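User: I am new to this structure and would love a guided tour. Could you take a close look at one part and show me how the rest fits around it?

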Amino acid sequence: FTFALYFGIRQFVVEARYIPSGSMLPGLQIQDRLLVEKVTYLPRSPKRGEIVVFNSPYAFDPALSSSKRPSPLRCMLVNLPLIGLIPGLGNPACDAYIKRVIAISGDRVSVNPRGEVTLNGKELKEPYVQEYCSVDEQGMSPCRTLSGTVPQGSVLVLGDNRSNSWDGRFWPSSPYLPENEILGRAFVRFWPINRIGSLSD
């Protein structure tokens, strides 16, 4: 009963996640522990500014994913402490990414070489971004640009650390994240103790 309750809560209500990379710096630090709730998006779609956890592009991008997607049970086991360290069990399609929702269905969005966003014809103010991509005198940048309209049922997600984030700008098939690949909304940091608190949108 205890295991069933644990897995039920983890699968459908809330689960803990940690930050494995620097793609959301400076707001989210490497090894920060977060709670991700899975109830908010049952009645509604994500909103701009929300921080979401979602399935790896290796699970849904046709250019990256294999013909056979790993089973939900296998991915659940991979993401459990210690069990996920078993050799051969891991699969990139079972990984979860964390990014910020920048644009929603119907938005016209463009991202320039620095990683700055124009949304529906207006420059987007992003106080949470402190690291933009470098641009040389010829206007060349290691970061990619994008421009388009977000399709229905999708969102555009970007990392706060624009100079070091593998997000929609770099996915080979489409820059947009299908909403049904979102696992939940990150809403509170519970570790480290000195930075406990809610994650503002």
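Analyst: Let's begin with the whole chain. Among the contacts (heavy atoms within 4.5 Å) whose partners have a separation of 6 or more, 68% are between residues 24 or more positions apart. This is a predicted model, where local features need pLDDT of at least 70 and side-chain atom pairs pLDDT 80 or more, while totals for chains, interfaces and linings use all residues. Numbering starts from 1 along each chain as its sequence is written, and side-chain values use heavy atoms, without hydrogens or water.

The protein chain has three helices and 12 strands (DSSP runs numbered from the N terminus: H or I, at least four residues; E, at least two). Of its 201 residues, 40% are buried (under 20% relative accessible area; exposed is over 50%, partly exposed in between; 1.4 Å probe, protein chains only).

Now for the part I would like to show you closely: a sheet and the loop that follows one of its strands. Four strands line up as β7-β6-β5-β8 in an open sheet with antiparallel pairing (a pair needs at least two DSSP bridges). At the edges are β7 and β8, each of which pairs on one side only. The strands β6 and β7 run antiparallel and are joined by two bridges. If you find Thr118, you will see that Glu123 of β7 stands opposite Thr118.

Between these two partners, have a look at the turn in the chain path. Asn120 sits in the loop that leads from β6 (117-119) to β7 (122-123). Its phi is near 50 degrees, a positive value, and Asn120 is not a glycine. Most residues other than glycine have a negative phi. Asn120 counts as partly exposed because its relative accessibility is 32%.

Carry on past β7 and you come to a disulfide (cysteine sulfur atoms within 2.5 Å). The structure holds one disulfide, and this link joins Cys133 to Cys143 with an S to S distance of 2.0 Å. Both cysteines lie in the loop between β7 and β8 (146-149), so the disulfide ties together parts that are 10 residues apart in sequence. Turning about the S-S bond gives -90 degrees, and the link is left-handed. Are its two ends buried or exposed? Cys133 is buried because its relative accessible area is 3%, and Cys143 is also buried, at 10%.

To round off the tour, here are a few backbone details elsewhere in the chain. Like Asn120, Gln31 has a positive phi without being glycine, in this case near 80 degrees. Gln31 belongs to the loop between β1 and β2, and with 40% relative accessibility Gln31 counts as partly exposed. That loop between β1 (14-18) and β2 (33-37) also contains Pro26, which a cis peptide bond joins to Leu25, with omega about 0 degrees. A second place to visit is the cis peptide bond between Trp191 and Pro192, where omega is about 5 degrees. Pro192 lies in the loop that runs between β11 (182-191) and β12 (197-198). Most peptide bonds are trans.

So, when you return to the sheet, trace β6 into β7 through the loop that holds Asn120, then follow the chain on to Cys133 and Cys143 in the loop between β7 and β8. That path ends at β8, one of the two edge strands of the sheet.
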